[in-house]
Amino acid sequence: MGEESARAEADPLSGRGGRRTITQMVVVGLIASVLGIALGLIIDWFPTQGSKQAEKIDTFWDVLIICSVPFFVLVTTVVLFSVKTFRMRPGEEHLDGPPIHGNTRLEVVWTAVPAIMLVALCSYAYITLHDIEKAPAASLGPERQITVNGQQFTWTFDYDEGGKKFSSAQLYVPIGRSVKFNVKTKDVLHDFWVPAWRMKIDAVPGITTDYRITPTRAGTWPVVCAELCGLGHAFMRQTAHVVPQADFDKWVTKMTTRTAAPAPAAGGGAAVDAKALFTQGETTSGATACGACHKLADAGTAGGVGPDLDQALKGKDAAFIKQSIVDPNAVIAKGFNANIMPDNYAKLLSADEIDALVKYLGEVAGK
Ligand code: CUA
């Protein structure tokens, strides 16, 4: 037996049997790739697509699936076939494989192909990123800017609509118009995320970060905090309302007239139903109801997140009650921690509403 034929016998991939193994590998690999890509494209990976940016990001995801599945399949198929083809057979326990000194052509191929792939995908990613961050054409008029304030554990959205400024705990945006969010935080790191829009950015102490989206689908979508920010992180969720322009304008009018309403001449705040405000919250601005967290016998609420107001406010004067609403960290009731109650009520409620609440609580708490 010559040296050549001995080597051929030791190499299971040479000869007719070897060609069959390679054909099998290619067929199995092709079928697995097609199935894998089909599965990857059929699976509904993401929530509803609610913005122009979301469409581009989801397309990018699909391209990544189409490119990466065949490579995953290629590597897995070669590994599995190698384990089967080159496995140790009885009597081979003490044999070593043939010495291999590398294969230049193979190494050039497996370096060049992934490198080209990587450069192509990076270029596509860069173009997509540039696209979704692009400001809208100047001909469309000025872009709406909304300041997003994160704090433990709530979001407040500051609007400036034609010089009229107001704040809301609910996010309203008109459909089809680009909006830029300037994201800030009053305390620790948060992350402003509306999954339906796909965009997401950290709120970092000391700086303003931003991103823009153009909502394409009307509806209500969750606003989520995506950065672990403390005990209430999981509850730092609010609602984004995407509405037709006419409804948005109506909401803005409601918000601005509410804030600017002149105090009634006599008995300040008489127009506000303080008990309803206490139990239901401010629905226009989205301020959470006091009763959701506080117990108060007169209102029939049983919340236990904050102090029992019948005890905490008993015998207190109006100044203390007002301070407890607008600056809740000034005095912390025994047994509770600071920063549990958001300190944005002065922004979310009108002066009339706060006065009415103070008056109401002074009359009923602890009685
Ligand atoms: Cu704010 Cu998590």
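Strand β1 and its sheet

In the predicted model, residue N149 has K184 of strand β5 as its bridge partner. This pair belongs to the contact between strand β1, residues 144-151, and strand β5, residues 179-185. The two strands run parallel and are joined by seven bridges.

Strand β1 is also joined to strand β2, which covers residues 154-161. Here the strands run antiparallel, and five bridges link them. One of the pairs in this contact involves Q151, whose bridge partner in β2 is T154. Two residues lie between β1 and β2, and the two strands form a hairpin.

Both contacts are part of an open sheet of five strands. The order across the sheet is β3-β2-β1-β5-β8, and the pairing is mixed. The edges are taken by β3 (164-168) and β8 (209-213); each has a single partner strand, so one side of each is left without a neighbour in the sheet. From one strand to the next, the twist averages 25°.

The surroundings of β1 were examined through the accessibility of its residues. A residue counts as buried when its relative accessible area is under 20%. Of the eight residues of β1, seven are buried, and the strand is therefore largely enclosed by the rest of the structure. In the sheet order, β1 stands between β2 and β5, with an antiparallel partner in β2 and a parallel partner in β5.

Notes. Residues are numbered from 1 along each chain as its sequence is written. This is a predicted model: local features need pLDDT of at least 70, side-chain atom pairs count only at pLDDT 80 or more; totals for chains, interfaces and linings use all residues. Side-chain values use heavy atoms; hydrogens and water are left out. Two strands pair if DSSP finds at least two bridges between them. Helices (H or I, at least four residues) and strands (E, at least two) are DSSP runs, numbered from the N terminus. Axes are lines fitted to C-alpha atoms, for helices over the stretch in contact, and angles run from 0 to 180 degrees between N-to-C directions. Buried means under 20% relative accessible area, exposed over 50%, partly exposed in between (1.4 Å probe, protein chains only).
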